[in-house]
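User: I'm still new to reading protein models, and I'd like a close look at one part of this one. Could you pick out a sheet and walk me through how its pieces fit together?

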Amino acid sequence: MENRKETLARVLRFAKPYRWYLLAALVSAVLSVSLTLYAPVLIGRGIDQIIAPGKVYFDNLLPILIELGIVAVLAALFQWLLTLCTNIVTYKTVRDLRSAAFEHMEELPLSNIDSRPHGDIISRIINDIDSVSDGLLQGFSQLFTGIITIAITLVYMLAINFKVGLVVVIITPLSLFVASFIAKHSFDMFRRQSAIKGQLSGCIEELVGKGRAEAEAAYDLWQITSFSATELAMEQTVEIYCPEHQVLMPDASGVLCIFENRYGDALALVRSLDTPLSSLPESLQEELRQGKGFDSVEELERWLENAES
């Protein structure tokens, strides 16, 4: 909890130069919410002037309608000012935060940068700061309007009907508890989401952001057959004997044996030839240590006869 407070305080320090915009946003929120909540009161007064068909007090209704129109225009104006001020604070704060992050990276040693996944660094500067931007924007606008709406609504309700207002006062802490519960659990999911974003950014940086030379170095066991801005095609030659091949190679004791590929990627002993590898010329011994494939047993035996002679 303490770390969250410290992090929030560090972020808000970047917003300190724009505190006058925050003050203007707060004043605009108070006026906008007050006027928005005052409009239903005027509508109620206007309805009271309509008694029955043919019994409408137009002399009293007209000033109420004019006042309602003025209230609607002013509420929209202050709502626009609230949005303008919160946008200025948010985007300028994020700009300064991102600039500070870049300046800090320029001072870091290369060993520090190379020791971290590049995708994670990119995710922190782009995705995480975008999340901070969304949080500040929603926080400033919804926090101001939410708190002021609750406070002024309670004042109106207590003034109009004390009992109904008292019920709302009792229920409000319950709604705050539910909101706090949702926020805490959403934060844990947000951290998991940020970690996944970092992994995805790293994967994209490693796979998509590479040039041909980097791709060849990263996938040295593959051969690149086609490389362009939209396509990367690679192939790999796997040296493995098919089940029809007979493989001649020594066993652990140095005796030549015939093997077959019966299991896909492992050789199975067919029979031992009772011929030591050391009885063959040196030039053939090195070749047989790695295994030599033949299309049939007959071909293998002919080769062995020629080698021994």
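Analyst: Sure, let's go strand by strand. This is a predicted model, and the part to look at is an open sheet of four strands, in the order β7-β6-β5-β8, with antiparallel pairing. At the edges stand β7 (267-276) and β8 (292-294); each has a single partner strand, so one side of each is left without a neighbour in the sheet. The sheet isn't flat like a board, either: ignoring direction, neighbouring strands are turned by 30° against each other on average.

What holds strands side by side in general? Strands of a sheet pair through backbone hydrogen bonds, and they can do so in a parallel or an antiparallel way.

Now zoom in on β5, which covers residues 246-250. On one side, β5 pairs with β6 (residues 255-261) in the antiparallel sense, over five bridges. You can follow that pairing residue by residue. Gln-246 sits opposite Glu-260 in β6, while Pro-250 has Leu-256 of β6 as its bridge partner. Between these two strands comes a hairpin with four residues, and in it Gly-254 takes a positive phi near 90°.

On β5's other side you'll find β8, again antiparallel, this time over three bridges. Here Gln-246 turns up again: its bridge partner in β8 is Phe-294. So Gln-246 is a handy residue to find on screen, with Glu-260 of β6 opposite it and Phe-294 of β8 as a bridge partner.

Is β5 mostly covered or mostly open? Mostly covered: four of its five residues are buried. For comparison, 24% of the 309 residues in the chain count as buried. There's a helix to look for here as well: α8 (residues 282-289) lies across β5, β6 and β8, and runs at about 115° to β5.

Let's step back to the whole chain for a moment. Its secondary structure comes to nine helices and eight strands. Among contacts between residues at least 6 apart in sequence, 56% join residues at least 24 apart. The chain exposes about 21,200 Å², and carbon and sulfur atoms supply 62% of that.

One last thing to keep in mind is confidence. The mean pLDDT of the chain is 75, with 76% of residues reaching 70 or more. Among the chain's elements, helix α2 (residues 19-48) has the highest mean pLDDT, 86, and helix α7 (residues 212-218) has the lowest, 66.

Terms used
Residues numbered from 1 in each chain as written. Predicted model: local features only at pLDDT ≥ 70, side-chain atom pairs only at ≥ 80, totals over all residues. Heavy atoms only, no water. pLDDT = per-residue confidence, 0-100. Pairing = 2+ DSSP bridges. Axes fitted to C-alpha atoms, helices over the stretch in contact; angles between N-to-C directions. Contact = heavy atoms within 4.5 Å. Buried < 20%, exposed > 50% of the residue type's maximum accessible area, 1.4 Å probe, protein only. Areas by Shrake-Rupley, 256 points an atom, 1.4 Å probe, with all protein chains shown as cover.
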